Amino acid sequence: MPFVVGHRGSSEGVAAGSLASYDAALTAGVEMVEVDVRRGAGGALLALHEPEESLSAAEIAVGADVLEVAALVARAGATLMLDLKEVGGEAEIVDAVLDLLPAERIVVSTMEDESVATLRRERPR
């Protein structure tokens with residue numbers, strides 16, 4: 001049986017990428033949740049599809065539209081697929097999540113060839 005993945009959680013009746021969307025996906029029975037990962041101000045790992053600059057400081061401060069990856073990990077019983085959205089700091093991002101989850105519950109995805117090369121070089125299997 002193939003893995004069932006909740007892409008940015010679930011978007012049925014809730015905002016995709018929100019804590020509610022991940023909760024809904026887990027309740028529905030997904031085995032893996034895909035989360036877009038970006039570094040925020042101060043280095044926090046954010047579950048954020050769009051660049052942080054596209055959000056106002058008020059939106060980020062309120063936290064309604066921005067979820068820290070650590071908060072998601074604390075709730076998730078599923079494997080996490082980290083979709084790295086930016087080049088740079090890939091190994092540090094993986095290490096930060098490895099502090100929270102065992103390696104067998106982490107999958108890394110990216111569209112950036114440079115990020116793939118960095119991870120293969122700095123975090124070989």
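Residues 57-62 are a stretch to treat gently in this predicted model: pLDDT stays under 50 there, and the model gives these residues six contacts beyond four places in sequence. They make up helix 2, where confidence is lowest in the chain, at a mean of 46. Where pLDDT is low, the predicted coordinates should not be read in detail. Elsewhere the picture is more encouraging: the highest confidence belongs to helix 5 (residues 113-122), at 95. Over the chain, the mean pLDDT is 81, and 84% of the residues reach 70 or more.

Helix 4 spans residues 90-98, and E90, A91, I93, V94 and V97 in this helix are buried. Viewed down the axis of helix 4, the buried residues fall within an arc of 160 degrees, so they line one face of the helix.

Attention now turns to charged side chains. Side chains of opposite charge can pair when their charged atoms come close. The model contains six salt bridges. One of them joins D36 and K85, with a distance of 3.7 Å from N to O. Because D36 sits in strand 2 (residues 32-39) and K85 in the loop between strand 5 (79-84) and helix 4, this pair ties together parts that are 49 residues apart in sequence. The two partners can also be described by their accessibility. D36 is buried, with a relative accessible area of 2%, whereas K85, at 23% relative accessibility, counts as partly exposed.

A salt bridge is likewise found between the side chains of R38 and E86, at 2.9 Å from N to O. Here R38 belongs to strand 2 and E86 to the loop between strand 5 and helix 4, so the pair ties together parts that are 48 residues apart in sequence. R38 has a relative accessibility of 8% and is therefore classed as buried, the cut-off being under 20%. E86, at 30%, counts as partly exposed.

K85 also takes part in a salt bridge with D83, in which the closest N and O atoms are 3.3 Å apart. D83 is buried, at 11% relative accessibility. The pairings of K85 with D36 and with D83 belong to a wider arrangement: R8, D36, D83 and K85 are linked in a network of salt bridges.

Technical notes: Residues are numbered from 1 along each chain as its sequence is written. This is a predicted model: local features need pLDDT of at least 70, side-chain atom pairs count only at pLDDT 80 or more; totals for chains, interfaces and linings use all residues. Side-chain values use heavy atoms; hydrogens and water are left out. pLDDT is the predictor's confidence in each residue, from 0 to 100. Helices (H or I, at least four residues) and strands (E, at least two) are DSSP runs, numbered from the N terminus. Contact means heavy atoms within 4.5 Å. Buried means under 20% relative accessible area, exposed over 50%, partly exposed in between (1.4 Å probe, protein chains only). The arc is that of the directions from the helix axis to the C-beta atoms. A salt bridge is a side-chain nitrogen of Lys or Arg within 4 Å of a carboxyl oxygen of Asp or Glu.
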